[in-house]
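The exercises below ask for a careful reading of one model, and each is followed by a solution that proceeds step by step. Please look over the sequence and the coordinates before starting.

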Amino acid sequence: MPRQSPYVIDLTSGERQELARRAAQYTAPYRDVVRARIVLMAADGLQNKEIAARLSLPVQIVTKWRKRFYAQRLPGLDERPRTGRPSTKPATNGTAGT
């Protein structure tokens, strides 16, 4: 018998609407669309392996976002600041040699 995730996702109607909106935005960053789709599929009762297969992702990624949504709800899907030293390279403006 396949192992069930301990992080069962139950969405409010507002959360479902927001996730559906994010998942349907074709101009949104790909990562935001994928995260929303992961949570929607999890809320529909799919297992992590099935979600990973449908979205062509590693199971670990699905597990990460399912767990983070379970713990933090919608704010958990947002990008977090990255650790480490900030970039020292100047931003390029697309002009070369002018």
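A residue is called buried when its relative accessible area is under 20%, exposed when that area is over 50%, and partly exposed in between, with a 1.4 Å probe and protein chains only. The model is predicted, so that local features need pLDDT of at least 70 and side-chain atom pairs count only at pLDDT 80 or more, while totals for chains, interfaces and linings use all residues. Residues are numbered from 1 along each chain as its sequence is written, and side-chain values use heavy atoms, with hydrogens and water left out.

**Exercise 1. Describe the overall fold and its burial.**

Step 1. Helices (H or I, at least four residues) and strands (E, at least two) are taken as DSSP runs, numbered from the N terminus. On this basis the protein has 4 helices and 0 strands, and its pattern along the sequence reads α-α-α-α.

Step 2. Of the 98 residues, 32% count as buried.

Step 3. A contact means heavy atoms within 4.5 Å. Among contacts between residues at least 6 apart in sequence, 52% join residues at least 24 apart.

**Exercise 2. Identify the elements that build the largest nonpolar core.**

Step 1. A nonpolar core is a set of buried Ala, Val, Leu, Ile, Met, Phe, Trp, Tyr and Cys residues joined through side-chain atoms within 4.5 Å. In soluble globular proteins, nonpolar side chains tend to be buried together.

Step 2. The largest such core here has 21 residues, and those with the most contacts inside it are Leu11, Leu19, Ile38, Ile51 and Phe69. The elements giving two or more residues to this core are H2, helix H3 (48–55) and helix H4 (59–72), and H2 gives the most, with 8 residues.

Step 3. Taking Leu19 as an example, and leaving aside its neighbours within four places in sequence, one finds it in contact with Leu11, Ala36, Val39, Leu40, Phe69, Leu74 and Leu77.

**Exercise 3. Decide whether Arg35, Arg66 and Ala52 are buried or exposed, and list their partners.**

Step 1. Arg35 lies in helix H2 (residues 30–43), and it counts as buried because its relative accessibility is 8%. Its side chain reaches the backbone oxygen of Leu77 at 2.8 Å. Beyond its neighbours within four places in sequence, Arg35 is in contact with Trp65, Leu77, Asp78 and Glu79.

Step 2. Arg66 belongs to helix H4 and is buried because its relative accessibility is 7%. Its side chain makes a polar contact with the side chain of Asn48 at 2.6 Å, where a polar contact is a pair of N or O atoms within 3.5 Å; within protein, one must be able to donate a hydrogen and the other to accept it, and residues adjacent in sequence count only if both atoms are side-chain atoms. Not counting residues up to four places away in sequence, Arg66 touches Ser5, Tyr7, Ile9, Ile38, Ala42, Leu46, Gln47, Asn48 and Ile51. From C-alpha to C-alpha, Arg66 and Ala42 are 7.2 Å apart in space, although 24 residues apart in sequence.

Step 3. Ala52 is placed in helix H3 and counts as buried because its relative accessibility is 4%. Its partners, not counting residues up to four places away in sequence, are Leu57, Pro58, Val59 and Val62. Ala52 and Ile38 are 14 residues apart in sequence, and their C-alpha atoms are 8.3 Å apart in space.

**Exercise 4. Which residues other than glycine have a positive phi, and where do they lie?**

Step 1. Ser56, found in the loop between H3 and H4, has a phi near 55°, which is a positive value in a residue other than glycine. Ser56 is exposed because its relative accessible area is 67%.

Step 2. Arg73, found in the segment after H4, has a positive phi of about 60° although it is not a glycine. Arg73 counts as partly exposed because its relative accessible area is 26%.
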